[in-house]
Amino acid sequence: MPKLWNETIDAHRREVRDAILDATAALAFEQGLRGVTMSQIATRAGIGRATLYKYFPDVETILRTWHARRIEAHLGELVKVRDGEGAASGRLDAVLAAYAHITRQTGSHDRELVKFLHPDEHIVAALEQLRDLLRQLIEEGAATGELRADVPSDELAAYCLHALSAAADATSEAAVRRLVSVTAAGLRAV
């Protein structure tokens, strides 16, 4: 088959897959985890049920795939912030703020849905990547004297993740900013 034809088919498949993922997430946020059916997903995505089953076997698989896509997007955002301009401490502050906002957004979702999505292997791998990203920035800042070097960078990265998990319960953007500020203060050179 010609290359253009293959590219067109691949693009179509990606569009259908994305429509399925987006429709499922929207339904889960509207109705809760247990209220979503494959029939509703097919209707919302604008496809037939037979087509839906060619892509995914069940609602849970779709939600886990959607969640993996969101995690990948969040990590991409955080890497972009980390790779920005400026001193390590400023970039670290920006990463902490971005992560806190992601955490707050996640905390606003249906508790049953969050509980269902979070014990999967994507979370473990993503947290490890995030911990490594923070550790690298902390080491860079410690090398320049901006950030503390008296505590191992792995411990400080874990401190950041645990401290910012409180953003899930933050009631306002101001609360998130205060939490990020307190967390960042704990990283400054003493």
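The side chains of Arg44 and Glu30 are joined by a polar contact of 2.8 Å. This is a predicted model, and Arg44 sits in helix α2. That helix, residues 38-45, has the highest confidence in the protein chain, with a mean of 96. Arg44 counts as partly exposed, because its relative accessibility is 42%. Beyond its neighbours up to four places away in sequence, Arg44 touches Ala23, Ala26, Leu27 and Glu30. Ala23 is 21 residues from Arg44 along the chain, yet their C-alpha atoms are separated by 5.7 Å.

Confidence varies along the chain. The mean pLDDT is 89, and 88% of the residues reach 70 or more. Helix α6, residues 111-117, has the lowest confidence, at a mean of 62. Where pLDDT is low, the predicted coordinates should not be read in detail.

Next comes α4. This helix has 24 residues. Its first and last C-alpha atoms are 35 Å apart, close to the expected 34 Å. At its start, a side-chain oxygen of Asp58 comes within 3.4 Å of the backbone nitrogen of Glu60. Many names could be listed for the buried residues of α4; among them are Val59, Trp66, His67, His74, Leu78 and Arg82.

Arg82 belongs to helix α4. Is Arg82 buried or exposed? Arg82 is buried, because its relative accessible area is 19% and the cut-off for buried is under 20%. Leaving aside neighbours within four places in sequence, its contacts are Arg91, Val95, Leu133, Gln136 and Leu137.

One of those contacts leads to the next helix. Arg91 lies in α5, residues 88-107. Arg91 counts as buried too, because its relative accessibility is 9%. What does the side chain of Arg91 reach? It comes to 3.0 Å from the backbone oxygen of Gly86. A polar atom of the same Arg91 side chain also lies 2.7 Å from the backbone oxygen of Arg82. Outside the residues up to four places away in sequence, Arg91 touches Val81, Arg82, Gly84, Glu85, Gly86, Leu137 and Glu140.

Now turn to the nonpolar interior. In soluble globular proteins, nonpolar side chains tend to be buried together. Here the largest nonpolar core has 30 residues. Those with the most contacts inside it are Leu78, Leu92, Leu96, Leu130, Leu134, Leu164 and Leu187. Two or more residues come from each of α4, α5, α7, α8 and α9. Helix α7 gives the largest share, 7 residues. A second, separate core has 20 residues, including Ala23, Ile41, Ala42 and Ile47.

Leu96 shows what the contacts of one such residue look like. Apart from neighbours within four places in sequence, Leu96 is in contact with Leu134, Cys160, Leu164, Val180, Thr183, Ala184 and Leu187.

The last stop is α9. The 13 residues of this helix should span 18 Å at 1.5 Å a residue, and its end C-alpha atoms are 18 Å apart, so the two agree. Which residues of α9 are buried? They are Ala175, Val176, Leu179, Val180, Thr183 and Ala184. These residues lie on the same side of α9, because they cover an arc of only 165° around the axis. An α-helix has 3.6 residues a turn, so residues three or four places apart point the same way. On the other side of α9, Arg177, Arg178, Val182 and Ala185 are exposed.

Definitions and conventions:
Residues are numbered from 1 along each chain as its sequence is written. This is a predicted model: local features need pLDDT of at least 70, side-chain atom pairs count only at pLDDT 80 or more; totals for chains, interfaces and linings use all residues. Side-chain values use heavy atoms; hydrogens and water are left out. Helices (H or I, at least four residues) and strands (E, at least two) are DSSP runs, numbered from the N terminus. Buried means under 20% relative accessible area, exposed over 50%, partly exposed in between (1.4 Å probe, protein chains only). A polar contact is a pair of N or O atoms within 3.5 Å; within protein, one must be able to donate a hydrogen and the other to accept it, and residues adjacent in sequence count only if both atoms are side-chain atoms. Contact means heavy atoms within 4.5 Å. A nonpolar core is a set of buried Ala, Val, Leu, Ile, Met, Phe, Trp, Tyr and Cys residues joined through side-chain atoms within 4.5 Å. The expected span of a helix is 1.5 Å times one less than its number of residues. The arc is that of the directions from the helix axis to the C-beta atoms. pLDDT is the predictor's confidence in each residue, from 0 to 100.
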